[in-house]
Amino acid sequence: MSMKAEVNAARLLASVAEFAAIGATPAGGVNRPALSIEDRAARRRLAERALARGFTVFQDGIANLFIRREGRNAALPPLLIGSHLDSQPTGGRFDGALGTLSAFEVLEALADAEIETDRAVEVVAFTNEEGSRYSPGCMGSMAFAGAGTAGDWAATPATDGLLLADELAATLAALPEATVGPTGHPISAFVELHIEQGPVLEQEDVPIGVVTAVQGTKWFEIVFSGTAAHAGTTPFEFRKDPMGAAAAAIASLQSTVMPADPAARLTVGRISAEPGSINVIPSSVSFTVDIRHPDAAILAEMEQQVRRQCDEEGRRWNCDVAISQRVDMAPGRFSSSIATTIEDASRSLGLKSRRMVSGAFHDALFVSRVAPAAMIFVPCRDGISHNEAEFVTDAHMISGARVLLAVVESMLQLG
Ligand code: GLV
Ligand code: MN
Ligand code: MN
């Protein structure tokens, strides 16, 4: 006779605190870059806890880490829940980790209550969701969904120079307990819990977001090239100064794209100059552009605008421009039936919910291409994320995990 499954709130909060210590920054955030030593330590800890509970652990070719609680019928595709464990360089402790650890808590809650399920339930920690150390982001879920392979990205250098192939091999080898299986096994569905990373839920005092869609994202690396020359002796008309071109292009994009459309997003998050000396006109300046929009056609127009304005400034400043695309994520829609299940689960727990579109991309975007998928959002303070100050209240964490458990029970037709 099984008991009723319950989220163990103290254990969930202790898990979040424990993982926040892996790669902790002095300002209270986390620096756990994808495939780094810190990322490996987090995976190891999760695998140890899983093995101690009698769950099975395995990895795939891109080092997605899976934890499986077996069902009665091993032939049925498992229900997948989870998120990611990698972070931004000055990331918060909740982005990714909260979803992964809440999913693990659901597995433990089912085990505590000795609940038998027909299909297995698997927790996943997808590799490199952030895309900060290696782009593109969502590599693990892209590979899982057949939208890329580890081989495609093998030669990608990290921001610290180490090749993806080497760091991937070291990460896989660091967890010999987890056998490496094929990438992309069948699943029945995927549910990902995540912090909202925006202000809406907090402003409206709604504890649960039901994510129905994810806006599209494109990333570019733009390189203006000119001629390195002396800062003191080179008159304006002799210069081929890529910093002039880059500054002008960035200023014109910043002052046109978002002011023209409240739904548009444009971010230049990284810039570097070569050779990077105070008294040398740079030979090249490179910067990244992240653009987003819920409408694929408008996002395509935004891309053309980025290309046009960069070409124009390159010509004006007598510099060459090279534009390479790093990410092309079309907007995606989630399963409406899982959205309804999340709404019903929230209602049954006395929690208000509201439907919303995600401004951030997530692993669920790619998984939704191969199986029904949806997401549960919980509020974060002041909408702040990708920041060490990211904060979620204990009550919101616990509510989110309870909703995830109730959704899993409903999808497994338990109770
Ligand atoms: C995910 O981290 C994103 O940038 O949307
Ligand atoms: Mn995330
Ligand atoms: Mn993130």
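In the predicted model, helices α1 and α12 are roughly perpendicular to each other. Helix α1 spans residues 9-20, and its axis makes an angle of about 110 degrees with that of α12. This value falls within the range of 65 to 115 degrees that counts as roughly perpendicular. The two axes are 10 Å apart, and the crossing is right-handed. On the α1 side, the contact is formed by Ala9, Leu12, Leu13 and Val16; α12 contributes Asp394, Met397, Ile398 and Ala401. By residue class, the contact of α1 with α12 comprises seven nonpolar residues and one charged residue, with no polar residue.

The metal site contains two manganese ions, ligand 2 and ligand 3, which lie 3.5 Å apart. Asp95 coordinates both ions and thus serves as the bridge between them. The manganese ion (ligand 2) is coordinated through NE2 of His84, OD of Asp95 and NE2 of His194, at 2.0 to 2.2 Å. Along the chain, the donors of this ion (ligand 2) follow the spacing H-x10-D-x98-H. His84 belongs to strand β3 (residues 79-84), whereas Asp95 is located in the loop between β3 and α3 (97-112), so the pair ties together parts of the chain that are eleven residues apart in sequence. His84 and Asp95 are both buried.

The manganese ion (ligand 3) is coordinated by OD of Asp95, by OE atoms of Glu130, which is listed twice, and by NE2 of His386, at 2.1 to 2.4 Å. The spacing of the donor residues of ligand 3 in sequence is D-x34-E-x255-H. Glu130 and His386 link distant parts of the chain, being 256 residues apart. Glu130 is placed in the loop between β4 (121-126) and α4 (139-144), while His386 is placed in the loop between β17 (373-378) and α12 (394-411). The two residues also differ in their accessibility class. Glu130 has a relative accessible area of 4% and is therefore buried, since buried means under 20%. His386, at 43% relative accessibility, counts as partly exposed, because this class covers values between the 20% limit for buried and the 50% limit for exposed.

Local backbone features were also examined. The peptide bond joining Ser135 and Pro136 is cis, with omega of about 10 degrees. Pro136 lies in the loop between β4 and α4, and this loop also holds the manganese donor Glu130. A cis peptide bond also runs from Glu274 to Pro275, where omega is near 0 degrees. Pro275 is found in the loop between β11 (271-274) and β12 (280-281).

Positive phi values occur at Leu35 and Ala63, neither of which is a glycine. For Leu35, phi is about 70 degrees. Leu35 is situated in the loop between α1 and α2 (37-52), and a relative accessible area of 1% places Leu35 in the buried class. For Ala63, phi is near 70 degrees. The position of Ala63 is in the loop between β1 (56-59) and β2 (65-69), and Ala63 is likewise buried, with 0% relative accessibility.

How values were computed
Residues are numbered from 1 along each chain as its sequence is written. Chains are lettered from A and ligands numbered from 1 in the order in which they are written. This is a predicted model: local features need pLDDT of at least 70, side-chain atom pairs count only at pLDDT 80 or more; totals for chains, interfaces and linings use all residues. Side-chain values use heavy atoms; hydrogens and water are left out. Donors are N, O and S atoms within 2.8 Å of the metal (3.2 Å for Na, K and Ca); water is not among the atoms, so sites may look incomplete. Helices (H or I, at least four residues) and strands (E, at least two) are DSSP runs, numbered from the N terminus. Buried means under 20% relative accessible area, exposed over 50%, partly exposed in between (1.4 Å probe, protein chains only). Axes are lines fitted to C-alpha atoms, for helices over the stretch in contact, and angles run from 0 to 180 degrees between N-to-C directions. Angles under 35 degrees count as roughly parallel, over 145 as roughly antiparallel, 65 to 115 as roughly perpendicular and the rest as oblique. A crossing is left-handed if the near helix is turned anticlockwise from the far one by less than a right angle, and right-handed if clockwise. Contact means heavy atoms within 4.5 Å. Ala, Val, Leu, Ile, Met, Phe, Trp, Tyr, Cys and Pro count as nonpolar, Asp, Glu, Lys and Arg as charged, and the others, Gly among them, as polar.
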